[in-house]
Amino acid sequence: PTNSGKTYEALQQFYQAKTGFYCCPLRLLANEVCEKTNEKGIKCDMITGEERRYAVDADNPSSHVAMTVEMVPVDVNVEVAVIDEIQMLRDQSRGWAWTRALLGIAAKEIHLCGEEAAVDIVRSLLDPIGEHVEVHLYERKTPLTDGDCLVCFSVSMLFSVAKSLTKLGVQPTVIYGALPPWTKLNQAKTFNEMSRKPNVMVATDAVGMGLNLNIRRFVAFICSSIF
């Protein structure tokens, strides 16, 4: 489940490896991992469809790269690869990218992070080619707290998550691309003032476009309901 530590555990292997790829659905997540890796003294580049950022420069690529999944190279050997939100294999518009990454990454060890429901489809892809699959299940570690931002991958999912939170007594602020600019600013102001308890935001990746927000933690959210 979300916030269970599954990605944290995979990233520990990513940090310890001599070379590694981190693949995810959002530029925000790639940026977060890139920054954390560099803060640990491990040179890490970032590659997305919108930008390329180098710890040194393009002529001196880093040993580690955080990227959106569509950008993953399949002709570069690495020690460890982490593919986040693997259940996106089922997505009609972007599932091809996760399938390509899963079957194409030239890594000695691949860590797949995502919903338990994705295990069967992963096995169906890897068992026929003789790849060993080891499954680790995690339990949710902590509840949502002030400053959390749930990042959704569609507006319909955003509304579903916001509605579910409201039923649980949480009144989230909401930001998505089609909101009028003044509404976005008002929602950002409400979130930054920490006037709601818990102070939680639900947003699409539009949250990373030109807004100054006091976000403590990003939580990538792919689920049909909240429990």
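Q: How many residue pairs in polar contact does the rule find across the interface of domain 1 and domain 2?

A: Good place to start! Keep in mind that this is a predicted model. Across that interface, the rule finds 0 residue pairs in polar contact, counting pairs with both residues at pLDDT 80 or more. The search for salt bridges across the interface of domain 1 and domain 2 also gives 0.

Q: Which kinds of residues does domain 1 have on the side that touches domain 2?

A: Sorted by class, that side of domain 1 has 4 nonpolar residues, 3 charged ones and no polar ones.

Q: Where are the two domains along the chain, and how far apart are their C-alpha centres?

A: The domain assignment places domain 1 at 6–129 and domain 2 at 148–221. Their C-alpha centres lie 26 Å apart. At the interface, 7 residues of domain 1 are in contact with 8 residues of domain 2. About 740 Å² is buried between the two domains, and carbon and sulfur atoms give 77% of that area.

Q: How do I read the sheet, and which strands stand at its edges?

A: Follow the strand order from one side to the other. Here 6 strands form an open sheet, in the order β3-β2-β4-β1-β5-β6, with mixed pairing. The edges are β3 (52–53) and β6 (106–112); each has a single partner strand, so one side of each is left without a neighbour in the sheet.

Q: In which sense do β1 and β4 pair?

A: Strand β1 (residues 20–24) pairs with strand β4 (residues 64–68) in the parallel sense, over 5 bridges. To find one on screen, look for Tyr-22, whose bridge partner in β4 is Ala-66.

Q: What about salt bridges in the whole structure, how many are there?

A: The general idea is that side chains of opposite charge can pair when their charged atoms come close. A search of the whole structure finds 8 salt bridges. One of them joins the side chains of Glu-70 and Arg-94, at 2.7 Å from N to O. This pair links distant parts of the chain, 24 residues apart: Glu-70 is in the loop between β4 and β5 (77–83), while Arg-94 is in the loop between β5 and α3 (95–104).

Note on methods:
Residues numbered from 1 in each chain as written. Predicted model: local features only at pLDDT ≥ 70, side-chain atom pairs only at ≥ 80, totals over all residues. Heavy atoms only, no water. Domains from an automatic or database assignment. Contact = heavy atoms within 4.5 Å. Buried area = accessible area lost by both parts, 1.4 Å probe. Salt bridge = Lys/Arg side-chain N within 4 Å of Asp/Glu carboxyl O. Polar contact = N/O pair within 3.5 Å; in protein donor to acceptor, adjacent residues only side chain to side chain. Nonpolar A, V, L, I, M, F, W, Y, C, P; charged D, E, K, R; others polar. Pairing = 2+ DSSP bridges. Helix = DSSP H or I, 4+ residues; strand = E, 2+ residues; numbered from the N terminus.
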